[in-house]
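Reader: I am new to reading structures of this kind, and I should be grateful for a close look at a single part. Would you please take me through the place where the protein meets the nucleic acid, and then set that place within the rest of the chain?

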Amino acid sequence: MKYEFSDIERKWQTYWQEQQTFATESSSDKPKYYVLDMFPYPSGSGLHVGHLEGYTASDIIARYKRSCGFNVLHPMGWDAFGLPAEQFAIKTGTHPKETTEQNIKSFKETLQRMGFSYDWSREINTTDPRYFKWTQWIFLQLYDRGLAYMSEVDVNWCEELKTVLANEEVEEKIADGYTVVRRPLRQWVLKITAYAERLLADLDELDWPENVKQMQRNWIGRSVGMEIDFELRCHNRRLKVYTTRPDTLFGATYLVISPEHELAEKLATAQQLVEVKNYIRQAKLKTELERTGLQKEKTGVFTGSYAINPATGEPLPVWISDFVLTSYGTGAIMSVPAHDQRDWEFARQYNLPIIEVIKSPHDVQEKVFEGKDSCCVNSSNPEISLNQLPFSEAFERMASWLESKKIGERKVNYKLRDWIFSRQRYWGEPIPIKHYLDGTIRTETTLPLMLPEVEAYHPSSTGESPLANIPHWLYGEDEDGPFRRETNTMPQWAGSCWYYLRFIDPTNQERLIDPEKERYWMNIDLYIGGAEHAVLHLLYARFWHKVLYDIGVVTTKEPFQKLFNQGMILGEDNEKMSKSRGNVIPADQVMERYGADAVRLYEMFLGPLEQVKPWNTNGIEGISRFLTKVWRVVYPGSDRDELTPAVALSGEPMPEELERRMHKTIKKVSQDTQNLKFNTAISEMMVFVNELHKAGCRNREAVETLLLLLAAYAPHLTEELWEAIGHGHSITKEPFPSFDPKLVEDPVLTITVQVNGKLRGTFSAPAGSPKEALLEEARKVESVIKFLEGKTIMREIVVADKLVNFAVK
RNA sequence: GCCAAAAUGGCGGAACUGGUAGACGCGCUGGACUCAAAAUCCAGUGAGUGAAUAACUCGUGUGGGUUCGAGUCCCACUUUUGGUACCA
């Protein structure tokens with residue numbers, strides 16, 4: 001009988017669907033396990049083999065955990081708001097809803113064809129009003145707590161897309177060939193900075209890849225420093241700067257403010273005014289990228305004004321330069337050119353003095369010294385001296401001194417900025433806010449606030465969304481008077497910020513999630529997805545989760561206890577898969593040819609899950625052969641002389657060697673599966689199958705064990721064979737096999753013999769042989785003798801059960 | 001520039017807390033089966049010297065070091081990938 005994967009796979013997929021095999025148990029005494037994939041945006045180009053890597057991994061874990069007695073939640077849904085569907089609508093007039101529905105259908109077919117054990121009764125879709133009702137509800141919670149506010153902000157405006165982009169999206173769009181400029185616009189902003197400290201601190205407890213945690217830490221960018229007030233000469237004002245190095249105050253030789261600083265023009269003396277105005281105007285014309293991108297020569301202009309260095313009493317020229325960022329710290333800095341690269345470059349450019357205040361190994365006039373592990377010098381006045389002090393003590397002493405003089409205070413700063421949350425698009429969650437004539441705003445009382453039908457999807461030319469063109473939706477009146485609706489919609493991140501909660505209670509009309517269910521299922525035991533979401537999605541979702549925690553909707557501080565990033569699968573040319581390169585391997589195509597089980601196995605066999613690795617279509621042949629070999633364990637013969645498998649698998653005993661191999665395999669597959677080392681688990685199963693064939697053994701226990709081990713990996717094939725050998729129920733209901741610890745240890749071991757660390761021979765010895773016996777045996781090994789002859793043995797090293805090494809001279 | 005990870009045959013990759021480097025698979029070579037092919041099966045396959053299934057030498061990015069013994073630990077460097085980019 002031949003292994004016809006397409007019939008078999010269809011048969012069992014239908015069976016699972018009919019039997020509701022993977023429906024999550026709603027109430028259960030079992031321990032729970034929540035394994036989640038980052039849900040996809042259903043694009044028009046379908047799924048390729050790279051998309052299926054993470055899903056395959058999570059599915060193996062889900063099936064494995066079920067067989068270990070867990071009640072498993074393994075859901076799937078669609079992050080379906082987003083630009084591509086809208087752009088397609090602009091081009092063709094097709095409603096994004098239609099496009100989205102079609103794409104979802106095709107995605108779902110592919111996923112089902114892979115035999116993934118999702119509980120499809122929990123499927124969610126972020127564009128479904130029953131879902132985005134709660135996205136809007138969360139927005140209102142944020143608004144009520146002052147965490148959502150409107151602000152006229154310089155935004156990244158993309159002319160071609162007629163929309164605002166988040167800082168994080170800018171680079172990506174520029175890479176795609178769009179132009180992005182700075183432009184002030186009224187925007188909704190979420191105050192993620194209010195949670196910066198907690199977002200940083202709580203990272204420590206998460207079981208996440210260290211690099212992802214580090215990326216988030218860098219993104220949050222906490223720094224400890226001081227704000228210091230500098231008195232301005234000839235002005236009755238002070239200038240506040242932020243610095244992390246108050247210990248270098250004695251070395252500050254000038255100040256720099258950003259071109260947007262409120263004092264920039266005011267500080268300009270009559271003589272300098274024209275030049276200053278010119279510089280400020282030019283800075284405004286530059287885009288963010290031109291200003292901050294790439295290292296370039298520093299530019300600046302002198303205001304003509306001076307401030308006083310509170311430590312030295314010396315006058316400090318105040319300069320304006322666009323290398324100082326407006327939006328960080330106070331938009332003004334004190335420059336210590338001897339000990340800061342940027343300040344040093346600027347000082348050299350404009351001939352400003354460079355004074356060494358940290359003991360440097362070289363002349364600071366020639367090269368900057370930024371080290372912190374050296375002591376202060378040239379740093380004293382009648383009131384305070386930092387000389388000889390190392391960094392932290394100098395910092396402390398200077399901080400106290402400035403505090404006592406009331407011209408400085410300690411300050412913690414973050415790189416993290418508030419999150420610009422609005423988009424001028426149609427295909428997103430409408431922001432449920434009403435604007436009244438008097439300028440007040442109120443929240444919508446009935447949710448969801450639906451998206452109206454529109455004629456055209458083009459944004460309005462004013463930069464408002466297409467919603468601004470729909471008068472009957474836009475304007476309304478209630479007891480508070482006439483109002484105009486908010487026309488901005490939410491960014492795509494919104495829906496994915498909380499979807500993992502909705503899977504737990506997907507149809508609840510009354511609340512976002514039932515508290516009892518939340519307590520049972522949260523938090524997520526394993527979250528698998530791509531590293532491209534290391535910062536944005538994962539940071540935004542953590543932020544929302546913490547807000548929901550604060551208002552009592554959830555009971556865990558963090559949503560994703562364990563995170564795993566699967567490595568990208570590259571095309572066969574070792575490049576990232578993309579339509580333009582023409583190296584995309586569509587999932588359906590490979591399944592057609594080799595079957596879902598082979599694709600599943602091969603995805604995992606390619607290499608370590610976390611690693612970036614190229615696809616190689618030839619390699620899947622090996623997996624195909626392996627599956628055929630498994631098939632032939634049960635159906636060994638050709639069509640004619642076939643015994644029915646149930647009869648063929650009689651109680652023929654297993655050779656001891658094979659039995660040990662079986663127990664070793666159980667152990668290895670079990671451990672490797674838990675640790676997501678699927679490539680080595682598969683390799684171990686291959687070894688076992690090869691041994692089975694070599695031994696020609698048809699022992700029932702051996703065959704059943706093999707099928708049970710393989711069930712999570714190749715679910716269709718194992719279901720079919722499980723049935724063929726006489727079982728009346730699904731293999732998914734069987735527990736994972738256990739091994740006998742006594743049988744995984746070999747009674748006779750190969751001992752290595754080395755002379756001076758080089759391999760010279762081996763011999764066999766029973767496990768646990770005493771050292772003396774091993775030494776004696778080792779000396780007798782023929783290939784070793786000649787290396788010992790005529791030499792003096794200086795030392796004999798014996799490692800029990802492993803090796804003997806003679807150090808000779 | 002800074003931060004993080006990595007570098008092993010022709011290729012993807014194995015190697016437990018330092019203990020036989022190259023498991024498993026691809027590819028390749030030879031053989032069996034076949035009229036022939038496909039499929040399947042068997043054998044071989046890191047490099048070098050060698051008639052050799054004898055024996056030895058070299059070999060895990062480079063150079064040092066620790067150790068009886070290093071792919072694994074330490075130092076320096078090179079390259080690749082990811083992140084970040086004037087955050088004071």
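Author: The model is a predicted one. The surroundings of RNA strand B comprise 52 residues, and those that come nearest are Thr244, Arg342, Leu606, Arg625 and Asn805.

Two of these residues make backbone contacts with the strand. In Thr244, a backbone N or O atom lies 2.3 Å from a sugar or linking oxygen of RNA strand B. In Leu606, a polar backbone atom is 2.5 Å from a sugar or linking oxygen of RNA strand B. Arg760 uses its side chain instead: an N or O atom there is 3.2 Å from a phosphate oxygen of the strand.

These three contacts may be set beside the overall count. Of the atoms of RNA strand B that lie within 4 Å of the protein, 64% belong to sugar or phosphate, while the rest belong to bases.

On the protein side, the surface near RNA strand B is made up of 18 nonpolar, 19 polar and 15 charged residues. Helix α23, which spans residues 678–695, gives the most to this surface, with six residues.

The wider chain can now be considered. Chain A is divided into four parts: domain 1 (5–138 + 493–570), domain 2 (223–413), domain 3 (617–743) and domain 4 (746–808). Between the centres of domain 2 and domain 4, taken over C-alpha atoms, the separation is 70 Å.

Two sets of paired strands complete the picture. Strands of a sheet pair through backbone hydrogen bonds, in either a parallel or an antiparallel sense. Strand β10 (residues 254–257) runs antiparallel to β13, and four bridges join them. Within this pair, Tyr254 stands opposite Ser335 of β13. In a regular strand, side chains alternate between the two faces of the sheet. Strand β13 (residues 332–335) is covered on both faces, with Ala332 and Met334 buried on one side and Ile333 and Ser335 buried on the other.

The second set is an open sheet of four strands in the order β17-β16-β19-β18, with antiparallel pairing. Its edge strands, β17 (441–443) and β18 (475–478), each pair on one side only. From one strand to the next, the twist averages 40°. Three bridges link β16 (residues 433–436) to β17 in the antiparallel sense, and Lys434 has Arg442 of β17 as its bridge partner.

Notes: Residues numbered from 1 in each chain as written. Chains lettered and ligands numbered in written order. Predicted model: local features only at pLDDT ≥ 70, side-chain atom pairs only at ≥ 80, totals over all residues. Heavy atoms only, no water. Near = heavy atom within 4 Å. Polar contact = N/O pair within 3.5 Å; in protein donor to acceptor, adjacent residues only side chain to side chain. Helix = DSSP H or I, 4+ residues; strand = E, 2+ residues; numbered from the N terminus. Nonpolar A, V, L, I, M, F, W, Y, C, P; charged D, E, K, R; others polar. Pairing = 2+ DSSP bridges. Axes fitted to C-alpha atoms, helices over the stretch in contact; angles between N-to-C directions. Buried < 20%, exposed > 50% of the residue type's maximum accessible area, 1.4 Å probe, protein only. Domains from an automatic or database assignment.
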